[in-house]
Amino acid sequence: MANVTDLQAKYSKLAQEYSKLRAQNQVLKKAVVDEQANSNSMKEQLKQRDQSLRKQEQEMDSLSFRNQQLAKRVELLQEELAASEATRGKRGKNKGDSPSQRVLHTQSVFDEDLQKKIEENERLHIQFYEADEQHKRQEAELRTRLAELEKDATEHQAVVDGITSKYGETIERLQSDKARLEVRKSHTLERESKECRMRTDECQQQLRRCQSELNRHMKQSSSVIQEKVPFNDTSDDYNSLNVPSHNRRHQLKSRDVAGQALSFIQDLVAALLNFHSYTEQRVHIYPRDSSIEPISPLNQKFSQYLHENAAYVRPLEDSFLQLYQSITEDTVTVLETVVKLKIFADNFSSYTHFLLRILPYQLKSLEEECEAPLCTAALTLKNQELQCDIKSVTSVFEKLQSYINLLALPSSTSAVFTQLAACLHSLHDAIKEMSKHYNQKGNIEQELPTVTEKLCTTTECLLGSLGSLTISTGKIATFFSNNLDFFTSSGYSQRGSALALSPLQAESMLTNKKKAAAYMNAVKKVSSVPYKEALSNRRVLTSSTESREGLAQQVQQSLDKIGRLEQEKEHWLLEAQLGKVRLEKESQRIADLEAQLAAALGQSPKNELKATEKETLCTSLLCLSEQAGDEESREKLIKTHYMARVGELTTQLQISDSKAVHFHSECRALAKRLTIAEKSRETLSEEVKHANQNVTRLQDELTTTKRSYEDQLSMMSDHLCSMNETLSKQREEIDTLKLGSKGNTKKNKGR
């Protein structure tokens, strides 16, 4: 186990280091990628600079070519000028100074033009040189930076490869160790499961034996009762002793069921309160906002009634809480004795009357919404569907009122429970349909241009309360259907009669229970035990005492034996060390003698070794014969051996006696544990039954929740589709407007 713990610790430590290095590796990879991106960008910049340089070189070549052409042109012009001056000098000596002035003026113009061209050529040469120098400098810098980045990239890649190669073997080894540990763990678990299976089989065999023994005892007892007890108190129609016994299990089940129903009623009450409150807020917001303009008198009256909803909804929870508190272990819970159910029925009737009172206002309010100027045809259709849903919900509440009033009557039958369960499912379906239509209506309202944020928030809260109301009604319907067998079964009945329990009989039952409890308390105060039970207790006590003493002796003997064995162990360890040293010395001595004999006589060391071994064996045999000849030491050894043997047999006998006593006490304890196991089996079967009921209830709740979520998702998808269509329309309108505005601007520019 220590090795496994160390391996696990090392594995966890290496896993942490691997995760750190993996994170560093990710960072390094990211840096390498960034540097590669920078390098690529630098290469692109370098390429662009080369292109610009080539372009400038081409321009420079063209300019130099143009400059050469201009220089040739100037030379030609100068030659022509010189020739024209020579001819004119010959011809115009007799003429005045005006032609010479014109020639000088023309020459001065050419000189100025030539000077400008020369200056421009010089300036272009300077710019070309500066651009060339700047390009070379930038190219050198970029090449240096590119070399550095490539070097960093290679270093990062080398580090990554080194880390991968360094920890690859470690990871593989750890994975193999983990697999081996898992295999070992699975083997140990399989072995433990086999052992548990074997113990389970043994316990089942013991249980079957005990059951057969108990069945035999029960048959003997029943035969004795039939033969010796002929009294029967159900022969007459009326007998003062014919009172049903108090059923504690039925009472616990009744309290558990009432507690579950109370939690569901509390959820229902909270959902109803939220629904009525948010409906009141919506009346003040839509179709008219009360903060801007007054609402209609009809909606004012409707809001006033909705404001009073707590006075009709809260008593439902309070009356059912009183009903739950009246169900205890010391009471008799049947329909004839549950008085608080009548109070709950009255409160439910008052709430149903409240729903009937606000029903016409709800319908009129929806009609007023339909008459609004911005109400579309789809919204009108949803309002009409909601009117039908509200009518159906109110009618289902009226049916529930009738069935609950019937349950409050003394002479109700099981058919009422069946009809009530069907009515609860109808209520769940009606509220679910209303929630669906409200959701669709809210989606349509959000598309209206005049919708406000306050209205959207109130609608979302109203839809949330409807969802809670749907879930709570679904839970109540499922719970009632699952416990329908318990509601229709009679937990108390007279022996030999199928009549229901009357309140008078319930009172007499409780009186008898109190008398029996008082009698048992009085018996407990008297310290008297039956004779057979006292004898069995004495035997158990004696066996327990003996087993305890035997175990104490065994512990003491084991401790003594452990001490002796430790001493012998140390002694023999020392002897082994001394023997080892002697063996080494003798081996060395024999090797020296063999070498000397081989050198002196020229014989093989192997023959000499055999002769030496023979001499040593003879010497040891002589020593043993001398020891055997000592009679006194022989007698002492034999006496010591037999005394030790007697002590061992005595110890084994004591151990066997103590084990027998221990096994006897264990058998008695197992018998008691078997009775306790029977009782626990009964309780566990009840718990399993409750757990199965809870599982079915939770599955129904899950199905209901899943359906509601699916409905909401479908509604949201429809809403998203409609929103996408609206956005596409708006984009098309924007595009058309942009095109129109561009056409107008072009027309204005043309004008």
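A crossing of two helices is called left-handed if the near helix is turned anticlockwise from the far one by less than a right angle. With that in hand, welcome to this predicted model. In it, the crossing of helices α3 and α4 is left-handed, and so labelled too are the crossings of α3 with α6 and of α5 with α6. The points below go through these helix pairs, then two cavities, and end with a look at Lys475.

**Helix α3 beside α4**

- Helix α3 covers residues 248-285 and helix α4 covers residues 297-307; their axes come within 9 Å and cross at roughly 160 degrees.
- Because angles over 145 degrees count as roughly antiparallel, α3 is roughly antiparallel to α4.
- On the α3 side, the contact is made by His276, Thr279, Glu280, Val283 and His284, and on the α4 side by Asn299, Phe302, Ser303, Leu306 and His307.
- Sorted by class, this α3–α4 contact has six polar residues, three nonpolar and one charged.

**Helix α3 beside α6**

- The axes of α3 and α6 come within 13 Å, and they cross at roughly 30 degrees.
- These two helices are therefore roughly parallel to each other.
- From α3, the residues in contact are Ile265, Leu272, His276 and Arg282; from α6, they are Phe344, Tyr351, Phe354, Leu355, Ile358 and Glu369.
- Seven nonpolar, two charged and one polar residues make up the contact of α3 with α6.

**Helix α5 beside α6**

- Helix α5, residues 310-326, packs against α6 at an angle of about 165 degrees, and their axes are 9 Å apart.
- That angle makes α5 roughly antiparallel to α6.
- Residues of α5 in this contact include Tyr312, Leu316, Phe320 and Leu323, while those of α6 include Leu341, Phe344, Phe348 and Tyr351.
- The contact of α5 with α6 divides into 12 nonpolar, five polar and two charged residues.

**The largest cavity**

- The model holds four cavities of 30 Å³ or more.
- The largest cavity contains about 160 Å³ of space.
- Its lining consists of 15 residues, and Phe275, Leu355, Gln362, Val393 and Met434 lie nearest the centre of the cavity.
- Two or more lining residues come from each of α3, α6 (340-370), α7 (377-408) and α8 (414-446).
- By class, the lining of the largest cavity has 12 nonpolar and three polar residues, with no charged ones.

**The second largest cavity**

- The second largest cavity has a volume of about 130 Å³.
- It is lined by 13 residues, with Thr279, Phe302, Ser365, Leu366 and Tyr438 lying nearest its centre.
- Helices α3, α6 and α8 each supply at least two residues of this lining.
- Charged residues do appear in the lining of the second largest cavity: three of them, alongside seven nonpolar and three polar.
- Two residues here link back to the helix pairs: Thr279 and Phe302 lie near the centre of the second largest cavity, and both take part in the contact of α3 with α4.

**A look at Lys475**

- Lys475 sits in helix α9, which spans residues 453-482.
- Lys475 and Leu702 are 227 residues apart in sequence, yet 9.9 Å apart in space from C-alpha to C-alpha.
- Setting aside neighbours within four places in sequence, Lys475 is in contact with Phe264 and Glu701.

Notes: Residues are numbered from 1 along each chain as its sequence is written. This is a predicted model: local features need pLDDT of at least 70, side-chain atom pairs count only at pLDDT 80 or more; totals for chains, interfaces and linings use all residues. Side-chain values use heavy atoms; hydrogens and water are left out. Axes are lines fitted to C-alpha atoms, for helices over the stretch in contact, and angles run from 0 to 180 degrees between N-to-C directions. Helices (H or I, at least four residues) and strands (E, at least two) are DSSP runs, numbered from the N terminus. Angles under 35 degrees count as roughly parallel, over 145 as roughly antiparallel, 65 to 115 as roughly perpendicular and the rest as oblique. Contact means heavy atoms within 4.5 Å. Ala, Val, Leu, Ile, Met, Phe, Trp, Tyr, Cys and Pro count as nonpolar, Asp, Glu, Lys and Arg as charged, and the others, Gly among them, as polar. On a 1 Å grid over the protein atoms alone, a cavity is a set of points where a 1.4 Å probe fits but cannot get out, and a pocket is an open set with protein on both sides within 12 Å along at least five of seven lines; lining residues have an atom within 4 Å of a point. Grid points are joined across faces, edges and corners, and a volume is the space filled by probe spheres set on the points.
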